[in-house]
Amino acid sequence: MIGSSGAHLLPMRLLFDFVEALKKNVYNAYEGSAVLPSAARSSSLFFRANKKVCEEWFSRICEPMMNAGLALQCHDATIHYCALRLQELWNLVASALNDKSRVQVTEHLHNIKGRFSADILRVLRHMALALCRTHESEALIGLEKWVSLTFSPFLVEENQSLSNSRILSLHAFIECYTSVCDWKSLESWLLELQTLRAKHAGKSYCGALTTTGNEINAIHALAQYDEGEYQAAWACLGLTPKSSSELTLDPKLALQRSEQMLLQAMLLQNDEKEDKVPHELEKARLMLEETLSVLPLDGLEEAAAHATQLHCIFAYEEFYKIKGSQDKPRQLQSMLSSYVQFMQPQIGRVHQDCNPWLKVLRVYRTISPVSKATLKLCMNLLSLARKQGNLLLANRLNNYLKDHILSCSGERHHDFLISNLQYEGILLMHAEKNLEDALTNLWSFVSPVIVSSPSIVSDADNSILKAKACLKLSNWLKQNYSDSRLDGIIIKIRSDFDMANSSSPSRGGPSFVDEILSSKPPLGSIIEEIVGTATKLSTHLCPTMGKSWISYASWCFSQARESLLTPHENTLRSCSFSPALVHEVLPERFKLTEDEIIKVKSLILPFFQNKDDGGLAAEQGEWSFSLDSAAPRNDNTVITLVQQVVNIIESVSGAPRC
C-alpha cells in the first residue's frame, strides 16, 4: 500500500517538469529561442498556425496545475500558476466590463462580482499563503498593492473597512503563531477573529474569516501539552476528526497527522500507558513514508520538515527502548548530543524557520529536560530567536534555561552554559533597547579578562565566548558615542582600569572620578582607547577568529588615518590607562628615527654639492649625521634645512611642531 500510494505522487511531481518543458518547446516552435535549438520547419509551421489553440489549452490547465501545486506543497509552482490564473481572471473581468449589452451599470457590476469574486479570492488566498511560506515578504506586499488596484471593486463591498490582507493571511497568522509556540498570542488572535466574524456576519466575505484548513483542535492540544495541561490536551485531541489517524498523500497533512500521533505517544507515556506507545510511534512514522519516497525530488529544503519529524520519532523510540536501562543517561546523552553537534552550524543561520528546532526541543525536553544537549539546543534557539527579533520566544527560552541550567551535570559544561546564558541575557537586554543595563552587564562580564594582566582564559569555549563579548563591547561603544547616559559607564570602566593598575586598590579610581566631575573633559579619546583595548584583546583570546583580526586591523587603520589627515579629540596620541595598547600608541611614534634622519640628509646633500665632488666625498666621510653634535666644516644651511624637513615630516605625521 505504501509503495502504490507513493507511485501516485511521483507522476504528479514529474507533471510540473513536463508542462514546463512543453511550454518552452511550443514557444520555441512559433517564436524562436536564443537558448533552445531551432524546431523543425514543419513543427514551426504547425504551432504558428495553432498558436491561439495552444495558448487557450495552457490557460485551461492553470487551475488543475495550481491545485496540483497545492496538493504537493510545491510553493513555487503554486505561485506561478496562481499568477497565471489571476491574469486570466482579470482578462475575463475586463471582457465582461466591456460588454455593451448591459444597460444597468450597478446591476452589471453586481453580476460580475457574483461570477468572479469567489474565484479571485480563492486564488489570492492560495498565492498569499505560498508567498508567506517561501518568505517572499516584498512580493506579498506587491501582490496586495496590485490586488487593491486591480480587483478591489470586486472583492470589497461598499462601506466595508475590512482589509483584504487580513482575509488573505488568516492561515499565515495561525501558522506563524504555531511555528514559534506563541500560544497566548494565538488565543488572543482567535478571539479577535471570532469577534470579526460576529461583526461582519451575513457578508459575502465572512466565509473567509475561518480557520478552515487548519486543524485548530490539534493546535490547541499542542498548546495545552506545552503548558503542562495533559488532560486538557487529551480533551482537545478527542475533538479532532477520526481521519487524523489515516494515511494521506498530502505532504502537509501527513506531517500534521504524524505530529499528532507523536503527541499522543508522549501523552500516553505521561499517563504510564506504555504498552500503547509503540503503536502510536509506528503510526507516526508510517504517515511520513508516503511523502518521503518522493519529497527528495523537490530538494532538501522541502524534505527538511519531514526529516526533522522522523528524527523526533527516532529519538523518542530510543528513549522508550532504553528507559529501563541502567546506562540510560549515557546512551541518551550520546544520541542527543550527536544530532545537536551535527546541526549546530545550521541553527546559527538567521534566515531560517524556528519551527523545526522547536519541535526537536519539545521532544528533547520530554526525554531529558536538563541534559547538556537539550540545554545547548535551547541556547542556540535563544540566540536565533533574538537575532530574528522574536523577543517573546527568546524570553521564554531564556526563562526555561534559568530554571533548569543549575541542574545540569558536569562542572565544565555547567560553568560554560552559565557563562553563555549570562552573555545571551546581555544581548537580549540590548535587543530590548535596554542599552544602559546591557552595557553595564557586558562590562562586568568581560572586565576580569580585560583589566587583569594575563588575559588568557584556560577553557577554549570560554575564550571564544569572551572574545565575542570583547568585540560586542567595542561595537556598542562605537555606535553610541552621542548617548549621554553612557558617560557614567565610561567613567566606571576607566576607574576600573586605574584601580587595577595602581599598587593600592584605593588609589587611581576615586581621583579620576573627581577629575572628571570637576573638569568634565571629552570622553571620546577614553572610549577610543577602550574600543582598541577590547578589540586587540579579542585577537589574543581567540587567535583563530577572523572577525577579531578584521576589527583590530580596521581600528588600527582608522587611528592611523585620523592621525595623518584630520586629528581630533578622539585620536589617540598616547595610552592614558590601557597597557594593552602601549605598542600601538607610542608618544614618540611620529618622531623620525636616527636612520630616517640620515636618509633625509642623504637626499638633501646632493643639492649642495660643489664642483669638487672628490673633496665633497671626503668631507661626507667625516660627517657626523647627528643633528645634536657639531660636525667639522659643516654648512649651517644644510643642517637648518634638514631640521626643517624633519619638522615638516613629523608635523604632517601628527606630531606637534618643535
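Which residues are exposed on the other side of helix α28? In the predicted model examined here, helix α28 spans residues 594–604, and its buried residues are Ile597, Val600, Lys601 and Ile604. These four cover an arc of only 95 degrees around the axis, which puts them on the same side of α28. On the other side of the helix, Asp595, Lys599 and Leu603 are exposed. The cover over the buried residues of α28 includes helix α30, formed by residues 636–652. The spacing within such a helix can be read against a general property: an α-helix has 3.6 residues a turn, so residues three or four places apart point the same way.

Buried nonpolar residues also gather into cores. The largest nonpolar core comprises 60 residues, and within this core Leu263, Tyr316, Val363 and Leu381 touch the most other members. Another core, lying apart from the largest, has 41 residues, with Val446, Cys470, Val531 and Leu581 among them.

Charged side chains form a further set of contacts, and the count of salt bridges comes to 13. One of these joins Arg386 to Glu424, with 3.1 Å from N to O. This pair links distant parts of the chain, since Arg386 belongs to helix α19 (residues 372–387) and Glu424 to helix α21 (residues 411–431), with their positions 38 residues apart. Both Arg386 and Glu424 are buried.

Other salt bridges are formed within a single helix. In helix α24 (residues 487–501), Asp496 and Lys492 are four residues apart, about one turn of the helix, and their side chains meet in a salt bridge at 2.7 Å from N to O. The two partners differ in their surroundings, for Asp496 counts as buried at 18% relative accessibility, whereas Lys492, at 45%, counts as partly exposed. Salt bridges that share partners also join Glu63, Arg85, Glu88, Asp119 and Arg122 into one network. Within this network, Arg85 forms a salt bridge with Glu88, and the closest N and O atoms are 3.1 Å apart. Both residues lie in helix α5 (residues 75–97), where they are three residues apart, about one turn of the helix. Arg85 has a relative accessible area of 12% and is therefore buried, the cut-off for this class being under 20%.

Aromatic side chains supply another group of contacts, and the structure holds eight aromatic pairs. One of them is the stacked pair of Tyr423 and Phe445, whose centres are 5.9 Å apart and whose planes are at 20 degrees. This pair, too, links distant parts of the chain, with Tyr423 in helix α21 and Phe445 in helix α22 (residues 435–451), 22 residues apart. Tyr423 and Phe445 are both buried. In the pair formed by Trp549 and Tyr552, by contrast, the ring centres are 6.4 Å apart and the planes stand at 65 degrees, so the pair is edge-to-face. Trp549 and Tyr552 are three residues apart in helix α27 (residues 546–564), and about one helical turn therefore separates them. Trp549 counts as partly exposed at 41% relative accessibility, while Tyr552, at 13%, counts as buried.

Charged residues are also placed over aromatic rings. Lys466 lies over the face of Phe445, at 3.7 Å from the ring centre, and Phe445 is also the stacked partner of Tyr423. Arg365 is likewise placed over the face of a ring, that of Tyr400, at 4.2 Å from the ring centre.

Terms used:
Residues numbered from 1 in each chain as written. Predicted model: local features only at pLDDT ≥ 70, side-chain atom pairs only at ≥ 80, totals over all residues. Heavy atoms only, no water. Buried < 20%, exposed > 50% of the residue type's maximum accessible area, 1.4 Å probe, protein only. Helix = DSSP H or I, 4+ residues; strand = E, 2+ residues; numbered from the N terminus. Arc of directions from axis to C-beta. Contact = heavy atoms within 4.5 Å. Salt bridge = Lys/Arg side-chain N within 4 Å of Asp/Glu carboxyl O. Core = buried A, V, L, I, M, F, W, Y, C linked by side-chain atoms within 4.5 Å. Phe/Tyr/Trp six-rings, centres within 6.5 Å; stacked < 30°, edge-to-face > 60°. Lys NZ or Arg CZ within 6 Å of the ring centre and 35° of its normal.
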